[in-house]
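Please look over the sequence and the structure shown here before reading on. The report that follows deals with enclosed space in the protein and with the surroundings of the ligand.

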Amino acid sequence: MNRFFIDPKDINKEDITAVIRGESVKHISRVLRMMVKDRLIISDGLGNSFMGEISEISREEVRVLLLERLDKKSEPELQVNLGQALVKGEKMDYIVQKCTELGVSTIVPFAAERSVVKVSEKKARDKTTRWQKIARGAAEQSHRDRIPEVRAVTVLESILVEETDLLLFLWEQESNRGLKEVLREHVNINKITLLVGPEGGFTEEEVELAVSRGAVSVSLGPRILRTETAAAAAVTMIIYELGDLGEINV
Ligand code: SAH
């Protein structure tokens with residue numbers, strides 16, 4: 001069943017209808033060739049989803065009759081906030097897409113000292129818009145009820161001061177603590193923040209700064225992973241261990 005995120009304002013709870021506008025309209029009529037009476041899922045991106053039936057299709061909009069509210073949970077209760085060092089274009093796109101599929105709540109790109117890409121403020125805004133769009137597409141595709149928020153590009157310090165239950169950073173030089181054991185020591189947490197470094201890794205200063213703010217450095221094991229692999233692998237391990245990955249779909 002195809003899922004579409006629409007603006008919460010376009011859901012009318014009184015007459016239980018919804019209106020799909022924008023790019024999805026063309027997708028529905030031209031690409032998917034859907035017709036009146038066809039069914040789809042409507043989500044407001046905030047956690048509310050409905051089974052709907054198309055009642056009208058025009059060039060500008062698709063009108064939908066909402067048949068029932070869907071209660072099946074596709075969101076993990078555990079919130080994973082991914083702080084990702086800026087990496088080159090397609091890698092960042094990949095990270096946003098895969099981590100959205102896996103179930104992250106928030107993605108916060110930050111300019112690390114060894115980040116190769118340096119972005120101007122205007123460019124950073126365009127990039128955020130692009131990543132937010134990728135997150136939306138991936139959330140639709142993976143049938144999530146929420147679209148993860150992709151925040152504006154920031155600096156490491158500002159992620160370190162955010163409230164969280166467990167603040168972890170992936171450090172390939174960590175030789176005392178593995179992610180596996182740290183997660184097993186924190187089975188009852190609700191929110192976890194994960195920091196992943198750029199291609200060149202974190203600098204000594206960044207490691208010191210993170211540790212001084214209470215971050216715990218962890219290893220992902222004996223092999224050095226590329227940053228995009230490290231992000232997806234760590235998110236998988238976290239949501240597998242403390243969230244709903246690997247569970248049955250009820
Ligand atoms: N340039 C570094 C590797 C950086 S890997 C080197 O050659 O040594 C890029 C990022 O992925 C790192 O900053 C870290 O956050 C993460 N990473 C990759 N492999 C890891 C591992 N085995 N353990 C912990 N973090 C890892």
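## Enclosed space

A cavity, as the word is used here, is a set of points on a 1 Å grid over the protein atoms alone where a 1.4 Å probe fits but cannot get out, and its volume is the space filled by probe spheres set on those points. The structure itself is a predicted model, and by this rule it holds one cavity of 30 Å³ or more.

The largest cavity contains about 30 Å³ of space, and its lining is made up of Leu156, Phe169, Leu195, Phe202, Glu206 and Ala210. Sorted by class, this lining comprises five nonpolar residues and one charged residue, with no polar residues. The charged class takes in Asp, Glu, Lys and Arg, so Glu206 is the charged member of the lining.

## The shell around the ligand

The ligand is surrounded by 19 residues, of which the closest are Leu170, Gly197, Leu220, Arg223 and Leu225. By class, the residues of this shell divide into 10 nonpolar, six polar and three charged.

## Backbone contacts and burial

Backbone N or O atoms of three named residues can be followed to the ligand. That of Leu170 lies 2.7 Å from an oxygen atom of the ligand, while a backbone N or O atom of Leu220 lies 2.9 Å from a ligand nitrogen atom, and one of Trp171 lies 3.4 Å from a nitrogen atom of the ligand. Taken alone, the ligand exposes 550 Å², and the protein buries 83% of that area.

Notes
Residues are numbered from 1 along each chain as its sequence is written. This is a predicted model: local features need pLDDT of at least 70, side-chain atom pairs count only at pLDDT 80 or more; totals for chains, interfaces and linings use all residues. Side-chain values use heavy atoms; hydrogens and water are left out. On a 1 Å grid over the protein atoms alone, a cavity is a set of points where a 1.4 Å probe fits but cannot get out, and a pocket is an open set with protein on both sides within 12 Å along at least five of seven lines; lining residues have an atom within 4 Å of a point. A residue is near a molecule or strand if one of its heavy atoms lies within 4 Å of it. A polar contact is a pair of N or O atoms within 3.5 Å; within protein, one must be able to donate a hydrogen and the other to accept it, and residues adjacent in sequence count only if both atoms are side-chain atoms. Accessible areas come from the Shrake-Rupley method with a 1.4 Å probe; for residues, only the protein chains shown count as cover.
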